Amino acid sequence: MSGISKSQVSKLCQEIDERVASFLKRPLEGDWPYLWLDATYLKVRREGRVVSVAVVLAIGVNADGRREVLGMDIGLSEAETFWVEFLRKLRRRGLQGVKLVVSDAHEGLKAAVTKVLGATWQRCRVHFVRNLMAHAGKQGRRLIAALAPLAPTACPSTPRSPSRTSPRRRLSGARSPIRCARSCPSSRRSWTRPRTISWPT
């Protein structure tokens, strides 16, 4: 992109930061029975060097079936203390009525859910299948890949590959729980049908 000065880019970034900050600090109203939590690691530049940070995201579904991004935060790791503080921030903003939390099996996250929300926890089925594939031998991966489309631990919206494709590659494109929460039709039917997902506008 040409014709844009550094000052214009800085101004645009500042406006975006303000809008995102306002979105992430907004009050949360009503009950949110279903909550998805996940994290990804990104490389960022801090104090002149590149470091890896954890970006955590919370997506909820309210009693009316509306799906919404509830919160996002950045930390150095997924330590229990970080998850506890993240969930407490959501509670302070009004998060309530959580009955089921879906995430991977990170021990710090599970402990934080119990400590802050006291809700039922369920392991993300996509993460579960990936974990099985990582620990299974060659024959075991073939069996898991064959059973995955039928098992409740497999995401029905995971793209199907030709049978000659290796089992590991067949699941390499599996959706993350956050993507499933946003777009998986069968997951939506398993609780209630969300109508929209809200992002900063």
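A polar contact is a pair of N or O atoms within 3.5 Å, of which, within protein, one must be able to donate a hydrogen and the other to accept it. The exercises below concern a predicted model.

**Exercise 1.** Determine where Arg93 is found and which partners surround its side chain.

*Solution.* Begin with the location: Arg93 is found in the loop between α2 (80–92) and β4 (100–103). Next, consider charge: Arg93 is buried but has no salt bridge, because the nearest side chain of opposite charge, that of Glu68, is 6.8 Å away, whereas a salt bridge requires a distance within 4 Å. Then turn to polar atoms, where the backbone oxygen of Arg26 lies 2.9 Å from a polar atom of the Arg93 side chain. Finally, leaving aside residues up to four places away in sequence, Arg93 touches Phe23, Leu24, Lys25, Arg26, Pro27, Leu28, Leu70 and Gly71.

**Exercise 2.** Check the span of α2, and establish which of its residues are buried and what covers them.

*Solution.* At 1.5 Å a residue, the 13 residues of α2 should span 18 Å, and the end C-alpha atoms are indeed 18 Å apart, which agrees. The buried residues of α2 are Phe82, Trp83, Val84, Phe86, Leu87 and Leu90, and their cover includes β1 (34–46), β2 (49–61), β3 (67–75) and α3 (107–117). After α2 comes Gly94, whose phi is positive, near 120°.

**Exercise 3.** Assess the confidence assigned to the chain and to its elements.

*Solution.* The mean pLDDT of the protein chain is 77, with 72% of its residues reaching 70 or more. Among the elements, α2 has the highest mean (96) and helix α8 (residues 185–191) the lowest (40). Over residues 150–178 the pLDDT is below 50, although this stretch has 59 contacts in the model beyond near neighbours in sequence.

Conventions: Residues numbered from 1 in each chain as written. Predicted model: local features only at pLDDT ≥ 70, side-chain atom pairs only at ≥ 80, totals over all residues. Heavy atoms only, no water. Helix = DSSP H or I, 4+ residues; strand = E, 2+ residues; numbered from the N terminus. Buried < 20%, exposed > 50% of the residue type's maximum accessible area, 1.4 Å probe, protein only. Lys, Arg positive; Asp, Glu negative; His and termini not counted. Contact = heavy atoms within 4.5 Å. Expected span 1.5 Å × (residues − 1). pLDDT = per-residue confidence, 0-100.
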